[in-house]
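Please open the model in your viewer and keep the selection tool to hand. We will go from stop to stop, and at each one I will say what to select and what is there.

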Amino acid sequence: MSTRSLGTTLATLVLGVATVLGLAQPATAAAGHNYVALGDSYSSGVGAGSYTSESGDCKRSTAAYPQLWKNANAPASFKFVACSGATTTSVSSTQLGALSSSTTLVSVTAGGNDVGFADVMQTCVLQSEATCVSRVDTAVSQMQNTLPGKLDSLYSGIRSRSPQARVVVLGYPRFYKLSGSCIAGLSETERSAINNAGDVLNGVIAKRAANAGFAYSSVVDEFTGHELCSGDAWLHSVTFPIGNSYHPKAVGQSSGYLPAFRSAV
């Protein structure tokens with residue numbers, strides 16, 4: 001065999017091994033994506049600052065994970081329509097128009113607002129421990145009984161509009177490090193109840209995503225060690241403006257959500 005032929009053969013073998021092992025350059029594949037970012041405030045980037053003027057009350061941030069992924073990967077097209085306060089119903093009614101049969105990649109966070117996330121946290125901050133736990137229990141009941149059908153409807157709408165797209169559904173962080181550094185605020189009982197509710201929510205979302213044939217990517221591992229009361233929180237606690245409370249900071253988007261999304265693309 002000639003040296004030239006041997007070199008060609010070796011190059012082919014190396015390329016084949018790289019492809020099998022998933023070592024091919026991800027940006028090359030990403031460059032061909034038509035990417036649409038759907039969802040609520042955890043996708044729009046509330047809490048990360050640097051909101052675009054066109055997004056208004058939706059508060060889409062240039063520091064949010066969809067924008068960061070777009071900047072790093074230069075997809076063929078990019079539509080960022082996630083909006084603060086969105087529910088599964090409002091995502092379906094106001095955001096799915098961004099999808100088409102040519103869409104190849106979709107990201108979405110939805111479900112927290114359907115079970116009254118903001119009201120749960122307000123109740124727990126302002127009222128008694130017993131009232132807090134009762135409100136959390138009500139939210140958990142909603143997660144188990146009414147949210148699955150709402151997620152199924154949303155996911156069906158996404159699939160019908162973009163049948164060939166890879167859809168990545170992302171979950172929510174666990175809020176608190178128990179027995180952590182916080183010396184005031186909620187009790188450990190309240191924090192534990194909120195964490196448990198977050199686990200239930202993520203479990204419901206993961207199951208419905210799997211049933212729809214979508215990829216589910218948890219962010220719990222990424223935020224572990226960076227919860228509230230950890231001493232290095234990537235989440236805002238009660239803060240001003242109040243809407244930033246319990247949302248990821250810019251570092252939570254870049255070091256939490258972005259890696260979780262990137263790993264599932």
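Start by selecting Cys229, which sits in the loop between H10 and H11. This is a predicted model, and here it gives Cys229 a positive phi of about 75° although the residue is not a glycine. Most residues other than glycine have a negative phi, and most peptide bonds are trans. Cys229 is also buried, with a relative accessible area of 7%.

Stay in that loop and pick Glu227, found between helix H10 (220-223) and helix H11 (250-264). Which side chain of opposite charge is nearest to Glu227? It is Arg174, 5.5 Å away, and Glu227 is buried without a salt bridge. A salt bridge here would need a side-chain nitrogen of Lys or Arg within 4 Å of a carboxyl oxygen, so the pair does not qualify. Leaving aside residues up to four places away in sequence, Glu227 touches Arg174, Phe175, Tyr176, Lys177 and Ala233.

One more selection in the loop between H10 and H11 is Pro241. Look at the peptide bond that joins Phe240 and Pro241: this bond is cis, with omega about 0°.

Now zoom out for a moment. The protein chain has 11 helices and five strands, and 46% of its 265 residues count as buried. Among contacts with a separation of 6 or more, 72% are between residues 24 or more positions apart.

Next, show helix H6 (residues 117-126) together with helix H7 (residues 129-145). Their axes come within 8 Å and cross at roughly 165°, which makes H6 roughly antiparallel to H7. The crossing is left-handed. To see the contact, display Asp119, Val120, Thr123 and Cys124 on H6, and Thr131, Cys132, Arg135, Val136 and Ala139 on H7.

Two of those side chains deserve a close look: Arg135 and Asp119 meet in a salt bridge, 2.6 Å from N to O. Arg135 lies in helix H7 and Asp119 in helix H6, so the pair ties together parts that are 16 residues apart in sequence. Arg135 is buried at a relative accessible area of 17%, whereas Asp119 is partly exposed at 36%.

The count for the model comes to five salt bridges, so let us visit others. Select Asp152 and Arg208, whose closest N and O atoms are 2.8 Å apart. Asp152 belongs to helix H8 (residues 147-161) and Arg208 to helix H9 (residues 188-211), so this bridge ties together parts 56 residues apart in sequence. Asp152 is partly exposed, at 31% relative accessibility, and Arg208 is buried, at 17%.

Then move to Glu54 and Arg60, a salt bridge with its closest N and O atoms 3.2 Å apart. Is Glu54 buried or exposed? Glu54 is exposed, with a relative accessible area of 55%, while Arg60 is buried, at 10%.

Select Lys59 as well, in the loop between H3 and helix H4 (65-73). Lys59 has a positive phi of about 50° without being a glycine, and it is partly exposed, at 29% relative accessible area.

For the last stop, choose Gly39, in the loop between strand E1 (34-37) and helix H3 (41-44). Gly39 is buried, with a relative accessible area of 0%. Beyond residues up to four places away in sequence, its contacts are Ala82, Cys83, Ala86, Val91, Gln95, Val108 and Thr109. Draw a C-alpha to C-alpha distance from Gly39 to Cys83: they are 44 residues apart in sequence, yet 6.3 Å apart in space.

How values were computed:
Residues numbered from 1 in each chain as written. Predicted model: local features only at pLDDT ≥ 70, side-chain atom pairs only at ≥ 80, totals over all residues. Heavy atoms only, no water. Helix = DSSP H or I, 4+ residues; strand = E, 2+ residues; numbered from the N terminus. Buried < 20%, exposed > 50% of the residue type's maximum accessible area, 1.4 Å probe, protein only. Lys, Arg positive; Asp, Glu negative; His and termini not counted. Contact = heavy atoms within 4.5 Å. Axes fitted to C-alpha atoms, helices over the stretch in contact; angles between N-to-C directions. Parallel < 35°, antiparallel > 145°, perpendicular 65-115°, else oblique. Left-handed = near helix turned anticlockwise from the far one by under 90°.
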